[in-house]
Amino acid sequence: MRDAAPALPFAVAGKRGNAETLVAIDDAAERRGLHIGMALAQARAMYPALDVVQEDADADAQLLEGIADWCLRYTPLVVCDAPDGLLLDITGCTHLYNGEHELVADLAGRIERAGFAYRIAIASTIGAAWAAAHCGEPASYACGEERSLLAPLPLSALRLAPATVAALARLGLKRIGDIIDLPRSPLTARFGAGLLRQLDRALGHEHEPLSPRLPVAPYVAEQRFAEPIAREEDVLGTVERLAVRLVFALERRGDGARRIELTLFRTDGEVRRIAAGTSRPLRDAHDIRALFVERLTALADALDPGFGFDMARLSVVLAEPCPPEQIGIGGAEDGVEIDRLADRLSARLGAQRVRHLIAQDSHIPEIAAATVPAQMAADDGWAAFRRHRTAAELAPRPLRLLMRPEPIEAVAEVPDGPPLRFRWRRALHEVIAADGPERIEGAWWSEHGGHPSGNLARDYFRVEDKSGLRFWLFRAGLYRDLVPGAVAPSWFVHGTYA
């Protein structure tokens, strides 16, 4: 029986400066004397059969981001260390896997099954873990072992600039142990403060901050499954169970959820995120489940469970104070039901498509109210709008307001009276009843100067024609203010009544 042919060496080449160099190699290429940083031409001269592919930095970065998402199953504190590394702060997380060794074994097994080569090291500082993974022996090092770990390693293990490493090498300083006990002042004067800062951080003498890719949620509940789940009913059941645990935590601190995120980890490494917002602080497991019923319905096939989800995490991304509510006979329950409806519609249709009115500091109708997403403000925007109208004692407004008032041709019996007839959109309307006027003065700073009426005073009338249609009309300008040579007041239709 013939032995299998040895694998051809493989390398990834990329442009560094003006030269094509090797940026990654496999074990077969390393056994033949090739190394990262070698010129591609030299590598081909040494081994013409070398299999080379061109570097794709964007695809590599996207892949690293995907692996970082997948590693969120171990800790929320994950940082991409480009181009090929990840930093995970597993403080307080190891008990979920029965210790460090079990966590590393689970991580290593999953990475290996995905077809990636890896080196995993654990240490009490970022610098020591990075040095062990890149230049030393990947293992778990206890707190206090940083000096013995770093001393035999090359100075490049401190993540120094290549120019600094080369300058130190010219002085005969090639290992980290060569500089640990040297006087600090000459090193700082010669190479700057960055050299000793990196050394102190690796040894644990100075704290090194870790900025996670994603903000850490204040409330988190998660569940792992012995067998992957794929059905929507199982996902919703898991959401409700996790929501119950979150509700207990929220109640202890007097908070409520304003934005909730469900993270589903697929067995093949893909991660699915589903977020839902609320109109007011929410603290009810059934209501949280109802939100995700709508979100899953809206997503449909986009969720794509693949071979199933082996872990689910429910996080409260945004929380606000939620004092206990006393339910009485005042009818306050209606506002809660409206908020629930807004939440469900926003989850199904999208937060930007469900909007409510917020009163503005103006009496000009087209800018007296603004629409914002229904879940943006905790206050009842429509109630605020009604309070604004009541305080000003305004006449009833039409339900259908035109985006911009449209000009009409109108004939009035007296200059300041309502129209007898008007023509709008080529149709003639005979007025049989009218109510008004309601005068709205324009602002002296030309509050609505973009409209043809500018800041002129307006007289509004509610009129009804022979066919029973009712309109909201206004005359822009007053005849009493008319001066010789000025344009006569003009008529506009601004809305219609149902």
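Strand 12 (residues 400-412) and strand 13 (residues 419-424) run antiparallel and are joined by four bridges. The two strands form a hairpin, with six residues between them. The model is a predicted one. Elsewhere in it, helix 11 (residues 232-253) and helix 12 (residues 285-299) pack against each other, and an open sheet of four strands has the order 6-9-7-8.

**Strand 12 and its partners**

- Within the pairing of strand 12 with strand 13, Val411 has Arg421 of strand 13 as its bridge partner.
- Strand 12 is also joined to strand 17 (residues 490-496), by five bridges, and this pairing is antiparallel.
- The bridge partner of Pro407 in strand 17 is Phe492.

**The four-stranded sheet**

- The pairing in the sheet with the order 6-9-7-8 is antiparallel.
- Strand 6 and strand 8 are the edge strands, each pairing on one side only.
- From one strand to the next, the twist averages 15°.
- Strand 7 and strand 9 run antiparallel and are joined by 11 bridges.
- Glu261 has Ser315 in strand 9 as its bridge partner.
- Helix 11 lies across strand 6, strand 7, strand 8 and strand 9, and its direction is at about 155° to strand 6.
- Helix 12 also packs on the sheet, where it touches strand 7, strand 8 and strand 9.
- The direction of helix 12 makes about 135° with that of strand 8.

**Packing of helix 11 and helix 12**

- The axes of helix 11 and helix 12 are 8 Å apart, and the packing angle is about 145°.
- The crossing of helix 11 past helix 12 is right-handed.
- On helix 11, the contact is made by Glu232, Val235, Leu236, Val239, Glu240, Ala243, Val244 and Val247.
- On helix 12, Ala285, His286, Ile288, Arg289, Phe292, Val293 and Leu296 make the contact.
- Sorted by class, this contact has 11 nonpolar residues, three charged residues and one polar residue.

**Nonpolar cores**

- The largest nonpolar core has 29 residues, of which Val235, Leu262, Leu264, Ile288, Phe292 and Leu314 touch the most other members.
- Two or more residues of this core come from each of strand 6 (219-229), helix 11, strand 7 (255-266), strand 8 (271-282), helix 12 and strand 9 (309-321).
- Helix 11 contributes the most to this core, with eight residues.
- Beyond its neighbours within four places in sequence, Leu314 is in contact with residues including Tyr219, Val220, Ala221, Val239, Leu242, Ala243 and Leu246.
- The contacts of Leu314 also include Ile260, Glu261, Leu262, Ile288 and Phe292.
- A second core, separate from the largest, has 26 residues, among them Ala131, Ile176, Leu196 and Ala202.

**Helix 10**

- Helix 10 (residues 193-203) is mostly covered, with eight of its 11 residues buried.
- These buried residues are Leu195, Leu196, Gln198, Leu199, Asp200, Arg201, Ala202 and Leu203.
- The buried residues of helix 10 pack against helix 5 (126-135), helix 6 (146-150), helix 7 (162-170), helix 8 (177-180) and helix 9 (184-191).
- Leu196 and Ala202, both buried in helix 10, are also among the residues of the second core.
- Gly204, just after helix 10, takes a positive phi of about 90°.

Note on methods
Residues numbered from 1 in each chain as written. Predicted model: local features only at pLDDT ≥ 70, side-chain atom pairs only at ≥ 80, totals over all residues. Heavy atoms only, no water. Axes fitted to C-alpha atoms, helices over the stretch in contact; angles between N-to-C directions. Left-handed = near helix turned anticlockwise from the far one by under 90°. Contact = heavy atoms within 4.5 Å. Nonpolar A, V, L, I, M, F, W, Y, C, P; charged D, E, K, R; others polar. Core = buried A, V, L, I, M, F, W, Y, C linked by side-chain atoms within 4.5 Å. Buried < 20%, exposed > 50% of the residue type's maximum accessible area, 1.4 Å probe, protein only. Pairing = 2+ DSSP bridges.
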